[in-house]
Amino acid sequence: SRAQHAVEPAAAPADRAAFCKEIGAPPDARLIFAGGALDARHGAREAVRAFDMLRYNQKAAHLVLLGEGPERQPCADLAKALAFDDNRVRFAGARADLAALTPLAEQVWVTRSTGGELLALRAMA
């Protein structure tokens, strides 16, 4: 019988260059994935604020917020206000191919104090 897994690993990773082009990041970007539903309880704005400090030490880092929700535009506005000269916050939207994309991330950031287990498990797989 086949073993049951909480998260199935992706059959093949996504095309990194194509994904970076799609989100407007350079092909050599160090991608940090965060997100879920972009609403107040998921901590997306807090992630944008924290990334604003991180980006000074990590010149190749790009924060990629995954998912959709009412916080998307406020997060985009905040990112532009904080880093008008070097905005490296990208939005990838809700993705059916998240399992294939996750291996492209150098880091995965769970922004909620509760929840986010599926993203973390995908990253570890």
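Trainee: What percentage of the 125 residues of the protein chain count as buried?
Mentor: Keep in mind that this is a predicted model. A residue counts as buried at under 20% relative accessible area. Of the 125 residues in the chain, the share that meets this is 38%.

Trainee: How much area does the protein chain expose, and what part do carbon and sulfur atoms supply?
Mentor: The exposed surface of the chain comes to about 7,200 Å². Carbon and sulfur atoms supply a share of that area, namely 54%.

Trainee: In what order do the elements of the protein chain run from the N terminus on?
Mentor: Start with the inventory: five helices and four strands. Read from the N terminus, the order is α-β-α-β-α-β-α-β-α.

Trainee: In what order do the four strands sit in the open sheet?
Mentor: The pairing in this sheet is parallel. Its edge strands are β3 (89-93) and β4 (107-109), each pairing on one side only. Neighbouring strands are turned by 25 degrees against each other on average, direction ignored. Across the sheet, the order reads β3-β2-β1-β4.

Trainee: Which residue is the bridge partner of L31 in β2?
Mentor: Strand β1 covers residues 30-35, and β2 covers residues 61-66. The two pair in the parallel sense over six bridges. In β2, the partner of L31 is H62.

Trainee: At about what angle does helix α2 run to β2?
Mentor: Take α1 (residues 16-23) for reference: this helix lies across β1, β2 and β3, at about 65 degrees to β1. Helix α2 (residues 44-57) lies across β1, β2, β3 and β4. Angles here are taken between N-to-C directions. For α2 against β2, the angle is about 175 degrees.

Trainee: Among contacts between residues at least 6 apart in sequence, what percentage join residues at least 24 apart?
Mentor: A contact needs heavy atoms within 4.5 Å. Take the contacts in the chain between residues at least 6 apart, then keep those that join residues at least 24 apart. That share is 76%.

Trainee: What is the volume of the largest cavity?
Mentor: The search covers the whole structure and finds one cavity of 30 Å³ or more. The largest cavity has a volume of about 50 Å³.

Trainee: Which helix gives the most to the lining of the largest cavity?
Mentor: The lining residues include V48, F51, D52 and R55, along with A79, L82 and V89. Both α2 and α3 (72-82) supply at least two residues each. With four residues, the element that gives the most is α2.

Note on methods:
Residues are numbered from 1 along each chain as its sequence is written. This is a predicted model: local features need pLDDT of at least 70, side-chain atom pairs count only at pLDDT 80 or more; totals for chains, interfaces and linings use all residues. Side-chain values use heavy atoms; hydrogens and water are left out. Two strands pair if DSSP finds at least two bridges between them. Axes are lines fitted to C-alpha atoms, for helices over the stretch in contact, and angles run from 0 to 180 degrees between N-to-C directions. Buried means under 20% relative accessible area, exposed over 50%, partly exposed in between (1.4 Å probe, protein chains only). Accessible areas come from the Shrake-Rupley method with a 1.4 Å probe; for residues, only the protein chains shown count as cover. On a 1 Å grid over the protein atoms alone, a cavity is a set of points where a 1.4 Å probe fits but cannot get out, and a pocket is an open set with protein on both sides within 12 Å along at least five of seven lines; lining residues have an atom within 4 Å of a point. Grid points are joined across faces, edges and corners, and a volume is the space filled by probe spheres set on the points.
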